[in-house]
Amino acid sequence: MKKRIVVLVIVLALLAPGCARVSSPFSAMRPDYSRVPEDSLRAAARALEEAAARGDREPELETFPGVVLDTPEIRQAMRARAARAELVHELLDSGNAYEQRSGTIRMINTREYRRSTSSRKRDQNAMVVMSENQNRWALYEGILKASEWSPGALGAVQHIFFEARQPLLAPGHKYEDEQGNIVRK
C-alpha cells in the first residue's frame, strides 16, 4: 500500500509541471446559482470554511434552509480538513500553492520550488494537496447529494466555497482571479 502511494505521488509530481498552466474546465464554467438556495449556501460555506481555518474538528453544522450538511461524509471531510488546516496554511504561506476558482488548491511547481525543497518535502506537499482536494470534493459532492440538488449545481457549490475562502486568505496568499491569473491577496 505504501509503495502504491509513493508511486502515485511520483506520477503526479511528474505530471504537475505540464499541468501548471492548464486551467480546469470546471473553473471556466459560469456557476448556475438558480439551482441552489444561494444565500443559505453562502452562509453554510462561510461557516464551514471558518471552522476549517480555525482547526475546529467538530463544527456545529447549523441548519441552513435547503442545505443539508449533517452527514457522516461531510463530518469526516470537515474533521480531516480541520486537522490539516495548518499544513495548508503553510503551503499557501510559502507561495508555492494557490486557491483555484474550482474550489481546490494547486501547487506551483517552479524550478525555484524544486531547488529549494527536497523530494521528500515535495512528496509531503503533494500528499497534503491531494488529501485536501479529496476532502473538498467529498464536501461539495456530499452537499449536492444530501441536499438532493442536480449535478448542474456543482459549479455553484465550488464557486461559493472558493469565494468563502478568499476573505480567510492571509496577505500574500495566492488565488486564481476571474481571468484565470494567479494573483496575491
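In this predicted model, four strands form an open sheet in which the order is β2-β1-β3-β4 and the pairing is mixed. The edges of the sheet are occupied by β2 (105–107) and β4 (182–184), each of which pairs on one side only. From one strand to the next, the twist averages 35 degrees. Within the sheet, strand β1, comprising residues 97–99, and strand β3, comprising residues 174–176, are joined by two bridges and pair in the parallel sense; across this pairing, Y98 has K174 of β3 as its bridge partner. Helix α4 packs on the sheet, where the strands touched are β1, β2 and β3, and the direction of α4 makes about 105 degrees with that of β1.

Helix α4 (residues 72–94) is also associated with helix α3 (residues 38–54), the axes of the two helices coming within 6 Å and crossing at roughly 45 degrees. Angles under 35 degrees count as roughly parallel and those of 65 to 115 as roughly perpendicular, and α3 and α4 are therefore oblique to each other. On the α3 side, the contact is made by L48, E49, A51, A52 and A53, whereas α4 contributes M78, R81, A82 and A85. Classified by residue type, the contact of α3 with α4 consists of seven nonpolar and two charged residues, with no polar residues. Helix α4 thus has contacts with α3 through M78, R81, A82 and A85, and with the sheet through β1, β2 and β3.

Terms used. Residues are numbered from 1 along each chain as its sequence is written. This is a predicted model: local features need pLDDT of at least 70, side-chain atom pairs count only at pLDDT 80 or more; totals for chains, interfaces and linings use all residues. Side-chain values use heavy atoms; hydrogens and water are left out. Axes are lines fitted to C-alpha atoms, for helices over the stretch in contact, and angles run from 0 to 180 degrees between N-to-C directions. Angles under 35 degrees count as roughly parallel, over 145 as roughly antiparallel, 65 to 115 as roughly perpendicular and the rest as oblique. Contact means heavy atoms within 4.5 Å. Ala, Val, Leu, Ile, Met, Phe, Trp, Tyr, Cys and Pro count as nonpolar, Asp, Glu, Lys and Arg as charged, and the others, Gly among them, as polar. Two strands pair if DSSP finds at least two bridges between them.
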